[in-house]
Amino acid sequence: MKNVILYIAVSLDGYIADCQKSVNWIKGQDDSVEMQDTYSTFFTTVDTIIMGKTTYDQIITELSPDKWPYLGAKTYVFTHKQITNTEDIIFTSDNPCQLVKTIKQEEGKNIWVCGGADIINQLLKEDLIDTFQISIIPTVLGGGIRLFEETNTMINLRLVNTVKYNGVIEAIYKRR
């Protein structure tokens, strides 16, 4: 059975994008210091990526406009628009929770929940996220797209690892 991993960066005050829906603030405290690459190791552990259309649009226009950065992994993009699938990207209007429950039962590597907040919160409500790998960026945005919406459900986690570099704290939690 595959594990579902939320691997994401968040501002110190809990936002995954600023008020302009940008993520250009995701960096360490010192621009002259190269960021530690924890992503490459993480990416070798996944074969499936889940994301919403806004996250997809941000990747192809802002973050990696010239090349799809997740070659080799099957990506599911949730949208109500009719878009032609590619070899690596499947556009779907399926229920994210139902699809994740199905994929979770398959053999293979883990499932990466890449974003956005709506998809994350739907999966959270259905108790489908196994691991939370969150990089806390040394920035207070004051507004934007919040990672977690308000809920009456408490989720108990266990800290399994932390890494700190250039003012960033990467914390990995698993469900208790």
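Biologist: Is Cys-19 buried or exposed?

Modeller: This is a predicted model, in which local features need pLDDT of at least 70 and side-chain atom pairs count only at pLDDT 80 or more, while totals for chains, interfaces and linings use all residues. Residues are numbered from 1 along each chain as its sequence is written, and side-chain values use heavy atoms, with hydrogens and water left out. Buried means under 20% relative accessible area, exposed over 50%, and partly exposed in between, with a 1.4 Å probe and protein chains only. Since Cys-19 has a relative accessible area of 57%, this residue counts as exposed.

Biologist: How far is Cys-114 from the nearest cysteine sulfur?

Modeller: A disulfide is a pair of cysteine sulfur atoms within 2.5 Å, and by this rule the structure has zero disulfides. Cys-114 takes part in none, and the nearest cysteine sulfur, which belongs to Cys-97, lies at 17 Å.

Biologist: What is the relative accessibility of Cys-114?

Modeller: Cys-19 is exposed, whereas Cys-114 counts as buried. The value for Cys-114 behind that label is 12%.

Biologist: Which side chain of opposite charge is nearest to Asp-18?

Modeller: Asp-18 sits in the loop between β2 (15–17) and α1 (39–43), where helices (H or I, at least four residues) and strands (E, at least two) are DSSP runs numbered from the N terminus. Asp-18 is buried and yet has no salt bridge, that is, no side-chain nitrogen of Lys or Arg within 4 Å of a carboxyl oxygen of Asp or Glu. Lys and Arg count as positive and Asp and Glu as negative, with His and the chain ends not counted; on this basis the nearest side chain of opposite charge, 9.7 Å away, is that of Lys-21.

Biologist: Which backbone nitrogen atoms does the side chain of Asp-18 reach at 2.9 Å?

Modeller: Although without a salt bridge, Asp-18 has further surroundings to consider, and its contacts (heavy atoms within 4.5 Å), leaving aside neighbours within four places in sequence, include Trp-25, Leu-141 and Ile-145. At 2.9 Å, its side chain reaches the backbone nitrogen of Gln-20, and at 2.9 Å it also reaches that of Ser-22.

Biologist: How many salt bridges does the structure hold?

Modeller: One of them joins the side chains of Asp-57 and Lys-53, at 2.7 Å from N to O. These two residues are four apart in helix α2 (residues 53–63), which means that about one helical turn separates them; Asp-57 is partly exposed at 28% relative accessibility, whereas Lys-53 is buried at 17%. The number that the structure holds is six.

Biologist: How many residues apart are Lys-101 and Glu-126?

Modeller: The two form a salt bridge whose closest N and O atoms are 3.5 Å apart. The pair links distant parts of the chain, with Lys-101 in helix α3 (residues 96–104) and Glu-126 in the loop between α4 (117–125) and β7 (131–137). Lys-101 is partly exposed at 33% relative accessibility, as is Glu-126 at 40%. Their separation in residues is 25.

Biologist: Which residue meets Asp-127 in a salt bridge?

Modeller: Asp-127 follows α4 and has a positive phi, near 60°, and its relative accessibility of 47% makes it partly exposed. Its salt bridge spans 2.5 Å from N to O, and the partner, 48 residues away in strand β10 (residues 168–175) and partly exposed at 22%, is Arg-175.

Notes: Polar contact = N/O pair within 3.5 Å; in protein donor to acceptor, adjacent residues only side chain to side chain.
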